[in-house]
Amino acid sequence: MPMLEVQDLHVAFQQGRKSEVEALRGVDLTLEKGERLGVVGESGAGKSMLAFAILNLIAEPGRVSQGRIMFHDRNLLDLSERDIRAVRGNRISMIFQDPMVTLNPVLSIGTQMMETLRAHRRISGAEARALCIAKLREVAIPSPESRLDAYPHELSGGLRQRVVIAIALLTDPELIIADEPTTALDVTIQAEIMALILKLCRENDVALILITHDLGVVAEVTQRLMIMYAGKCVETGATGAIINAPHHPYSAGLLRALPQNAARGTRLYQIPGAMPPITALPTGCAYHPRCARATALCKAEIPPLENGAACFHPLTAPEEVP
């Protein structure tokens, strides 16, 4: 039985008095204990919406309109606010993309870490402080004792993100959802943070959902991959298999757009067009206006997810391009 299973998940937003638009349109995923899943797609694909839905953080006018989110045989959507708080931040933690938004600028690092502990554990002040220091040391923050008394603005971007990771680890979660955890950092620090997340997940047997637009990152960190487009999963499978031989034209386009796949001195590849807004989705396959392989069938019907790809005309060889 998977640790986490998302079944036919739909998230809708009220538009006017009588109509709704869907940000997620029937998403399914499974995650085993200790497994690392990458969720990839352009901005607007629904990646962060999926994370917020799992944690029951969809705010009005949005709502989960259909589906189930099973975590150890319990549907998280059926839990009371009190019960979901026992899961959120405790058994499932989240790392957000901007630590300056995550961290309270007027509270010290130690205050924020100890508040997290006391929200989920019965623990003395001395025990909480000792555990906070241990977690800061675990994420390789130098002089952790003094860092507890520092404020977020006194730390570099890399150190702030390490603090956010330490907070996520405080309660020994079973699952970490990392939403673009290195977006606000420079390239060198990005590599360090991703290596740290991978190391901590392996050492603590923690499952990971890594949300990103960077296929190069997921190739290094994840075991399975889910490609999202316009609120749906268009391809899923082993990370290495998709990167080496994508079946969906969108997946192939993302891979072709990687800088390392372009010949030196040539223009980088760009998928034609742009992802449609959820308020103006085309009929049939949402990707068909940008796809060179689209036919009348693609324009008329939504392709089912079969053999790992939601496409009526999947690629059959690694050398094929969209």
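**Exercise 1. Find which helices are among those that cover the buried residues of α4, and check the span of helix α4.**

Solution. Begin with the cover: what lies over the buried residues of α4 includes α5 (125–138), α6 (144–147) and α7 (157–169), where contact means heavy atoms within 4.5 Å. The model is predicted, so local features need pLDDT of at least 70 and side-chain atom pairs count only at pLDDT 80 or more, while totals for chains, interfaces and linings use all residues. Residues are numbered from 1 along each chain as its sequence is written, and side-chain values use heavy atoms, with hydrogens and water left out.

Next, identify the covered residues: in α4, Ile 109, Gly 110, Gln 112, Met 113, Met 114 and Leu 117 are buried. Buried means under 20% relative accessible area, exposed over 50%, and partly exposed in between, with a 1.4 Å probe and protein chains only. Helices (H or I, at least four residues) and strands (E, at least two) are DSSP runs, numbered from the N terminus.

Finally, check the span, which is expected to be 1.5 Å times one less than the number of residues. The twelve residues of α4 (residues 109–120) should therefore span 16 Å, and the end C-alpha atoms are 18 Å apart, which agrees.

**Exercise 2. Explain why the sulfurs of Cys 233 and Cys 291 are without a bond to their closest cysteine sulfurs.**

Solution. Start from the total, which is zero disulfides in the structure, a disulfide being a pair of cysteine sulfur atoms within 2.5 Å. For Cys 233, the closest cysteine sulfur is in Cys 285 at 12 Å, and this is too far for a bond. For Cys 291, the closest cysteine sulfur belongs to Cys 311 and is 6.1 Å away, again too far for a bond. Then consider accessibility: Cys 233 is buried, with a relative accessible area of 9%, and Cys 291 also counts as buried, at 16%.

**Exercise 3. Locate Asp 8 and Glu 180, and state whether each is buried or partly exposed.**

Solution. Take Asp 8 to begin with: this residue is not a glycine, yet has a positive phi of about 50°, and its place is in strand β1 (residues 4–15). Asp 8 is partly exposed, with a relative accessible area of 32%.

Turn then to Glu 180, where phi is near 45°, a positive value in a residue other than glycine. Glu 180 lies in the loop between β7 (175–179) and α8 (187–204) and is buried, with a relative accessible area of 11%.
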